[in-house]
Amino acid sequence: MKDLNEYYNVALSFHGHRCPAMPMGLRAGLAAMTALGVERAKDKELVVESETGDGHAAGCFVDGVMVATGATYGKGNIRKLFYNKMAFTLIDVKTGRAVRVSLKPEFFEKAVQSPFVQKRKEGVAPQDIPPEITDPQVERVLSLSEADFLDISEIFQKDIKKGVTSFEVKRCARCGEATFVTKLAEAPDGRLLCVPCLEHERKA
């Protein structure tokens, strides 16, 4: 496993700003992989089911999880459940073994009372919060023991429904754009239409 600082530097470049939540997700993702005894996903060997929602802190947390685990939206092996919790389940697709990792409630409750979050509540963009506020909190997250801020479940089994991969494309009969055939549908007149064109004609 790479050194934590090396992972953090990659994650910071990807994420775009320093904040406490991203390294929380990074460390949580690394802890989940250690618990399962797996390596970072190169393709779709791992799946993440994230319980986060659309809040800004949740998004930062998930960016850390993605960098750690290699589960990305582009590869389609991470999805949000929108429970508004700082938690996720990591699943090893080959074996079905899974682990759930979450922030300890008392840690998270204190985190949302931090000076950094207070600035965010005031509408200050994360990149504009002074380093003297941000840096100590980031360093604290990077230096804490996992037991101080993470709840890591026992290993359990979880089935994953595998998606259908298609490399065949055809043009939509209405807009003319090339579309993977798994998302083309037949209109009543027999034409193959992409999703937005089919919806447009249904509303027309």
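# Reading the terms in a predicted model

Biologist: What makes Cys194 count as buried?

Modeller: Cys194 has a relative accessibility of 7%. Buried means under 20%, so Cys194 counts as buried. The model is a predicted one, and the values I quote are computed from it.

Biologist: Why is Cys197 called buried?

Modeller: Its relative accessibility is 6%. That value falls under the 20% limit, so Cys197 counts as buried too.

Biologist: How do you know whether the sulfur of Cys194 is bonded to the sulfur of Cys197?

Modeller: The two sulfurs are 3.6 Å apart, and Cys197 holds the closest cysteine sulfur to that of Cys194. A disulfide needs the sulfur atoms within 2.5 Å. The gap is therefore too far for a bond. Seen from Cys197, the closest cysteine sulfur is that of Cys194, again at 3.6 Å. The structure holds zero disulfides.

Biologist: What makes α1 oblique to α2, rather than parallel or perpendicular?

Modeller: Helix α1 covers residues 4-15 and helix α2 covers residues 21-36; they pack at about 130 degrees, with axes 10 Å apart. Roughly perpendicular runs from 65 to 115 degrees and roughly antiparallel starts over 145, while roughly parallel is under 35. An angle of about 130 degrees fits none of these ranges, so α1 is oblique to α2. As for handedness, α1 passes α2 in a right-handed crossing.

Biologist: Which residues of α1 and α2 meet?

Modeller: From α1 come Leu4, Tyr7, Tyr8, Ala11, Leu12 and His15, and from α2 come Met22, Pro23, Leu26, Arg27 and Leu30. Sorted by class, this contact has nine nonpolar residues, one polar and one charged.

Biologist: Why are α2 and α6 called roughly parallel?

Modeller: Their axes cross at roughly 10 degrees and come within 9 Å, where α6 is the helix of residues 131-143. Roughly parallel means an angle under 35 degrees, so α2 and α6 are roughly parallel to each other. In their contact, Pro23, Met24 and Arg27 of α2 meet Val138, Val141, Leu142 and Ser143 of α6. This contact has five nonpolar residues, one polar and one charged.

Biologist: Is Met22 buried or exposed, and how do you know?

Modeller: Met22 has 1% relative accessibility. The cut-off for buried is under 20%, so Met22 is buried. Met22 lies in helix α2. Leaving out residues up to four places away in sequence, Met22 touches Tyr8, Ala11, Leu12, His15, Cys60, Phe61 and Gly64.

Biologist: What makes Val62 buried?

Modeller: Val62 is at 4% relative accessibility, and a value under 20% is called buried; Val62 therefore counts as buried. Val62 lies in helix α3, residues 56-69. With residues up to four places away set aside, Val62 touches Ser50, Thr52, Tyr73, Ile78 and Lys80. The C-alpha atoms of Val62 and Met22 are separated by 7.1 Å, although the two are 40 residues apart along the chain. By contrast, the C-alpha atoms of Met22 and Val195 are 35 Å apart, with their positions 173 residues apart along the chain.

Biologist: Why is Lys104 called buried?

Modeller: Lys104 has a relative accessible area of 16%. The limit is 20%, so Lys104 counts as buried. Lys104 is found in the loop between β4 (97-103) and α4 (105-111). Apart from neighbours within four places in sequence, Lys104 is in contact with Ala147, Asp148, Phe149, Leu150 and Asp151.

Biologist: What makes the phi of Phe82 worth a remark?

Modeller: Most residues other than glycine have a negative phi. The phi of Phe82 is near 60 degrees, a positive value. Asn84 also has a positive phi, near 60 degrees. Phe82 is found in the loop between β2 (78-80) and β3 (87-92), and Asn84 lies in the loop between β2 and β3.

Biologist: Why is Phe82 called partly exposed, and why is Asn84 called exposed?

Modeller: Exposed means over 50% and buried under 20%, with partly exposed in between. Phe82 is at 48%, so it counts as partly exposed. Asn84 has a relative accessible area of 60% and is therefore exposed.

Biologist: How many helices and strands does the protein chain have?

Modeller: The protein chain has eight helices and ten strands. Of its 204 residues, 42% are buried.

Notes. Residues numbered from 1 in each chain as written. Predicted model: local features only at pLDDT ≥ 70, side-chain atom pairs only at ≥ 80, totals over all residues. Heavy atoms only, no water. Helix = DSSP H or I, 4+ residues; strand = E, 2+ residues; numbered from the N terminus. Buried < 20%, exposed > 50% of the residue type's maximum accessible area, 1.4 Å probe, protein only. Axes fitted to C-alpha atoms, helices over the stretch in contact; angles between N-to-C directions. Left-handed = near helix turned anticlockwise from the far one by under 90°. Contact = heavy atoms within 4.5 Å. Nonpolar A, V, L, I, M, F, W, Y, C, P; charged D, E, K, R; others polar.
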